[in-house]
Amino acid sequence: LLGGQITNGVTNAVRKRVSEAQTSVSTYLGVGVVVWTLQIPLAVAGALLVLTFGPQMTTMEAVLAVGMLLSETLFVLINRVYAATGHPGSSMWADAGRSLLTFGFQVGLVFAEFGLVGLIGGYLAATFASAIAVWYKLDSAPSVPSRKQFERVYEFARWSVLTSFTHDLYR
């Protein structure tokens, strides 16, 4: 949960920086990808802790939970950067398309008798596919960011992470 909050807060900061004039989309996308990559071992460690000390959970459920976190945060990162580049309407349609794709995958997998795994698997497949499609539309590969870009994202992210965390506590 906390890893997702940090990633979402950083994603909001990246979106803000990308939307500014005279900004390199690829380097700020690089900041987002670095932070997204850093959450992978945290998510795996969290899943291992839950498997070891938490409520009864199967390994498959833990893997699917990690997959959901990673797919969702990747899609949100790429889609928000896409919106910040002047495509807010298209990013909303991409999210709507992801929902339709999720429904289609889930129905197909449930009818194929995959049950709960099919529901989550459909979500994962649709979210990763949508992230790839939006990234293709973004037409910008992440590049290695400088320390200055990390600092500029941090300036905004330190408040954005806190806001994201308290917003979820309030809900």
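**An all-helical chain, from overall shape to single residues**

The chain comprises 6 helices and 0 strands. Read from the N terminus, its elements follow the order α-α-α-α-α-α. The coordinates belong to a predicted model, and confidence is therefore a suitable place to begin, since pLDDT is the predictor's confidence in each residue. Averaged over the chain, pLDDT is 89, and 95% of the residues score at least 70. Confidence is highest in helix 4, with a mean of 96, and lowest in helix 6, with a mean of 81. As a general caution, predicted coordinates should not be read in detail where pLDDT is low.

The overall dimensions come next. The C-alpha trace spans about 50 × 35 × 30 Å along its principal axes. For 171 residues, a compact globule would have a radius of gyration near 16 Å, and the value of 17 Å found for the chain agrees with this. Of the 171 residues, 38% count as buried. Contacts between residues at least 6 apart in sequence can be sorted by separation: 76% of them join residues at least 24 apart.

The surface may be described by its area and by its charges. About 10100 Å² of the chain is exposed, and carbon and sulfur atoms supply 69% of that area. The chain carries 11 positive and 9 negative side chains, and the centres of these two sets are 11 Å apart.

Individual positions give this outline more detail, beginning with helix 2, which covers residues 25-53 and contains alanine 47. Is alanine 47 buried or exposed? Its relative accessibility is 15%, so alanine 47 counts as buried, the cut-off for that class being under 20%. Apart from residues up to four places away in sequence, alanine 47 touches Ala62 and Val66. Alanine 47 and alanine 13 are separated by 34 residues in sequence, and their C-alpha atoms lie 27 Å apart in space.

Helix 5, residues 115-138, offers two further positions. One of them is leucine 124, which is placed in this helix and is buried at a relative accessible area of 14%. Which residues does leucine 124 contact, once its neighbours within four places in sequence are left aside? They are Leu64, Gly67, Met68 and Ser71. For serine 71, the distance between C-alpha atoms can also be given: leucine 124 and serine 71 are 53 residues apart along the chain, yet their C-alpha atoms are separated by 6.3 Å.

Threonine 127 also lies in helix 5. Its relative accessible area is 0%, and threonine 127 is therefore classed as buried. Beyond its neighbours within four places in sequence, threonine 127 is in contact with Ser71, Glu72, Phe75 and Arg98. Ser71 thus appears among the contacts of leucine 124 and among those of threonine 127.

Two loop residues, one before helix 5 and one after it, deserve attention for their backbone geometry. Glutamate 113 is situated in the loop between helix 4 (88-111) and helix 5. Although glutamate 113 is not a glycine, its phi is positive, at about 65°. Glutamate 113 is exposed, with a relative accessible area of 73%. Aspartate 139 occupies the loop between helix 5 and helix 6. This residue, too, is not a glycine, and aspartate 139 has a positive phi of about 55°. With a relative accessible area of 68%, aspartate 139 is exposed, as the class begins over 50%.

The path then reaches helix 6, residues 147-170, which is where the mean confidence is lowest, at 81. Phenylalanine 150 is found in this helix. Its relative accessibility of 32% makes phenylalanine 150 partly exposed, because that class lies between the buried limit of 20% and the exposed limit of 50%. With neighbours within four places in sequence left aside, phenylalanine 150 is in contact with Val31, Val34 and Pro145. The C-alpha atoms of phenylalanine 150 and aspartate 95 are separated by 27 Å, the two residues being 55 apart along the chain.

Note on methods:
Residues are numbered from 1 along each chain as its sequence is written. This is a predicted model: local features need pLDDT of at least 70, side-chain atom pairs count only at pLDDT 80 or more; totals for chains, interfaces and linings use all residues. Side-chain values use heavy atoms; hydrogens and water are left out. Helices (H or I, at least four residues) and strands (E, at least two) are DSSP runs, numbered from the N terminus. Buried means under 20% relative accessible area, exposed over 50%, partly exposed in between (1.4 Å probe, protein chains only). pLDDT is the predictor's confidence in each residue, from 0 to 100. The radius of gyration is taken over C-alpha atoms; the globule rule is 2.2 Å times the number of residues to the power 0.38. Contact means heavy atoms within 4.5 Å. Accessible areas come from the Shrake-Rupley method with a 1.4 Å probe; for residues, only the protein chains shown count as cover. Lys and Arg count as positive and Asp and Glu as negative; His and the chain ends are not counted. The place of a charge is taken as NZ of Lys, CZ of Arg, CG of Asp or CD of Glu.
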